[in-house]
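Trainee: Could we go through this model together, one question at a time? I would like each answer to show its reasoning before it settles on a value or a name.

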Amino acid sequence: MKEQKRDVIVEMTSKKILPIILTFGLYVMVGTEGAGGGFQGGCIIAAAFILYAVVFGIQKGRTKMPESWNTFFTSLGLYLYCGCGLLAIIASLFVAEFLNYSAFWPLTNLFGPYEARALQVEFVVEVGIGITVFAAFVSMFYDLAWKDEDEAEDDEEVMEC
Amino acid sequence: MIDTFVEQFPILIVTTGVFSAFTILVSGIFSRKIGYYILLFVTAIHFMMSIAILNYVISFGRIHYWIGGWRPPWGIEYVVDHLNAYVLVVILFLSFLSVVFAKRSVEKEIDEKKHPTFYTVMQLLIAGCCGVVVTGDVFNLFVLAEVASLATYALIAIAGGKALRASFTYLILGSIAICFYLLGIGFLYAVTGTLNMIDMRLLLQNIYDNKMVQVAFALVVVGLGIKAAVFPLHTWQPDAYTYAPSAVTLIMSTVVAKTFVYALIRIVFSVFTVNFLQKYINAWELVSWLAAVTIIVGSILAFRQYNIKRMLAYSSIVNVAYIMLGISMFYSYWGLSGALANILNHAVAKGCAFAAIGAIIYKTGLKDVRYYSGLAKKMPYTCGAFLISALTLIGIPPLAGFVTKFYLMLGCLEVKNYTMLAVILLGSLLTLAYFWRVVEEMYFKSVEDENTHGNAEERFNEAPITMLAPTMLLAILCIALGIYWLTSIPLEIIDKMIASMGVILK
């Protein structure tokens, strides 16, 4: 494979800006009080990874974030936000409803029903949604980008033959 | 204690379904084989849960489940009454059989690399369909219908080749359909300010003359009509059934089709009531004529097909028309009973037919009816099952399909509509014609010399047990259900379903 032409300015700028994007994504996800922001935060974090892959080449992006990790993170996010809802059923021994967060008694005993609900929505559900969205977006980007890369490799092989 | 336990089951079927789908996806990283067994196990558990729900509903009445503990007009509510519980059992039973059937068929037709994704999407499809059935909220129905539909598009396209085009057509038409539905419920929301079905039904009662409500009704019926492949909105369906992998055709023709027929019945009868329908009885006259045209034209089109899967696809369109005919006679007791009974009867019979054809295609690779000569000697059990399902779809007593037609004919007599009676009889005759063609090839034509040449040593070549067992079970059910329906008229469960839809019984 040919060495890609490097652009120092773009690489340095994105290196400086990447941590800021990631922090901002995390802030959007959990920084606000209550529900909302999971999807948007996930999008911003995915944008950071996509920027990395665009600037440093798809091969490097693939080593930073392999496809199997994407699959794992997509499921992990779902486990978090769906499992948090199921936890209410399990913790209350099948009395409370699905998504009835205040029925998770360890937190409710400590902080009261409303605070417990807010904490779970903010730190578990929104983070879960964020993780799923970010992994799904990165995976989609790779699916679109890999095709060209593979085809290009095939073409080069043909030319070498 | 045990009561609240069962009340959790409707939501648990949907959520654990999604959970298991993503577990299959993760398991694909480690092993490509394990996903199938997760799917099989989870679907079996869900089927048992659905039976528990049906049992609970019959003994204690409707289940109302408020998600998150929020009260109905604001929160999402899941409602399970007799109709839901019955359709849920039908859907999960056929999903389970499709999953059992899928193993060998998928191994042959799809790359091993794609197996984990295939089973993930299949599990999402089952979970989405179950969600559509148990929900009591029109917007939640839209979301879960999209989950099921997107899964279906992916499952059709997974085979590649011509299936891609079929999937794309379905994608476009399905998206248009769901837009119609969304627009319809948007109008209803604008008028009533609620999305809960029961609440909406109460609020709509006084404003049936509102033009917006009428337009919304038309939009919703057309939207769900496209999804359920009601003539003349069926154009995506023959291609999709023909080019999809056998296991996908099986699950589509039984589970997905019945889910959207259920959604149509639910919206028409539970959100808009019989009182609304009676105001516009002329429109239903049109629906019944459309159904009559479908029964004749669909059967003739089926007769012209040489591709067996395409023929069965047209037969499915005809059977949806029977259901529509039953719905259009909503003011008669027997017509609606026939429509509801046909949800189960047609699912079982068409499931059996598609499973048998899937087994034949697996073994011989033949899709053209004209090459089926002497197949009965080679695959006697599969051909026997196909024969039974064909007789069921024709409507020979005492098989299950006879019950549908018997009920519909009684409905026609009840409302004194003799034209439709003639149409049903003619439809049965045409069904006999196009199925007899296949049966004749299979049983009565001797094998030609050229064909024996290749397969001389394979005289008896039956399908593998995982494909044969579901086929045979469905064939046995065709007979057992017919006898059960006929010996226990009038059926308590169908009476209760009709009562829950607000149709007044005599």
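Trainee: How are helix 5 of chain B and helix 11 of chain B oriented, roughly parallel or roughly antiparallel?

Mentor: In this predicted model, the axes of helix 5 (residues 115–134) of chain B and helix 11 of chain B come within 9 Å and cross at roughly 25 degrees. Angles under 35 degrees count as roughly parallel. That crossing angle therefore makes helix 5 of chain B, relative to helix 11 of chain B, roughly parallel.

Trainee: Which residues in helix 5 of chain B meet helix 11 of chain B?

Mentor: The crossing of these two helices, helix 5 and helix 11 of chain B, is left-handed. By class, their contact has ten nonpolar, one polar and no charged residues. On the side of helix 11 of chain B, the participants are Ile251(B), Val255(B), Val256(B), Thr259(B), Tyr262(B) and Ala263(B). Facing them from helix 5 of chain B are Leu125(B), Ile126(B), Cys129(B), Val132(B) and Val133(B).

Trainee: How are helix 4 of chain B and helix 11 of chain B oriented to each other, roughly parallel or roughly antiparallel?

Mentor: The axes of helix 4 (residues 82–109) of chain B and helix 11 (residues 246–271) of chain B come within 7 Å and cross at roughly 160 degrees, and the crossing is left-handed. Angles over 145 degrees count as roughly antiparallel. Helix 4 and helix 11 of chain B are therefore, with respect to each other, roughly antiparallel.

Trainee: How many charged residues are in the contact of helix 4 of chain B with helix 11 of chain B?

Mentor: Helix 4 of chain B contributes residues including Val87(B), Ile91(B), Phe101(B) and Glu109(B), while those from helix 11 of chain B include Leu250(B), Ile251(B), Lys258(B) and Tyr262(B). Sorted by class, this contact has twelve nonpolar and six polar residues, and the number of charged residues is two.

Trainee: Helix 4 of chain B also packs with helix 22 of chain B; what is the orientation of these two helices to each other?

Mentor: Helix 4 of chain B and helix 22 (residues 492–500) of chain B have axes 8 Å apart and pack at an angle of about 125 degrees. The contact joins His82(B), Leu83(B) and Tyr86(B) of helix 4 to Ile493(B), Lys496(B), Met497(B) and Ser500(B) of helix 22, and by class these residues divide into four nonpolar, two polar and one charged. Given that angle, the two helices, helix 4 and helix 22 of chain B, are therefore oblique.

Trainee: Which helix supplies the largest share of the largest nonpolar core?

Mentor: The largest nonpolar core has 226 residues, and those with the most contacts inside it are Cys130(B), Cys352(B) and Cys478(B). The largest share of this core amounts to 21 residues, and it comes from chain B, namely from helix 15 (residues 333–364).

Trainee: Which residues does Cys130(B) touch, not counting residues up to four places away in sequence?

Mentor: Cys130(B) is one of the residues with the most contacts inside the largest nonpolar core. With residues up to four places away in sequence left out, the partners of Cys130(B) are Ile13(B), Val14(B), Gly17(B), Leu88(B), Ile91(B) and Leu92(B).

Trainee: Turning to chain A, how many of the residues on the side that touches chain B are nonpolar?

Mentor: Chain A has six helices and zero strands, and 17 of its residues are in contact with 17 residues of chain B. On the side of chain A that touches chain B, six residues are polar and one is charged, while the number of nonpolar residues is ten.

Trainee: Is Leu93(A), which has a positive phi, buried or exposed?

Mentor: Leu93(A) is not a glycine, yet its phi is about 55 degrees, and it lies in the loop between helix 4 and helix 5 (105–111) of chain A. A residue counts as exposed if 12 or fewer other C-beta atoms lie within 10 Å of its own. Because Leu93(A) has 11 such neighbours within 10 Å, it is exposed.

Trainee: Which peptide bond is cis, with omega near 5 degrees?

Mentor: Most peptide bonds are trans. The exception in question involves Pro398(B), which lies in the loop between helix 17 (380–394) and helix 18 (400–414) of chain B. With omega near 5 degrees, the cis bond is the one from Pro397(B) to Pro398(B).

Conventions. Residues numbered from 1 in each chain as written. Chains lettered and ligands numbered in written order. Predicted model: local features only at pLDDT ≥ 70, side-chain atom pairs only at ≥ 80, totals over all residues. Core = buried A, V, L, I, M, F, W, Y, C linked by C-beta atoms within 7 Å. Buried ≥ 20, exposed ≤ 12 C-beta atoms within 10 Å, placed from the backbone. Helix = DSSP H or I, 4+ residues; strand = E, 2+ residues; numbered from the N terminus. Contact = placed C-beta atoms within 7 Å. Nonpolar A, V, L, I, M, F, W, Y, C, P; charged D, E, K, R; others polar. Axes fitted to C-alpha atoms, helices over the stretch in contact; angles between N-to-C directions. Parallel < 35°, antiparallel > 145°, perpendicular 65-115°, else oblique. Left-handed = near helix turned anticlockwise from the far one by under 90°.
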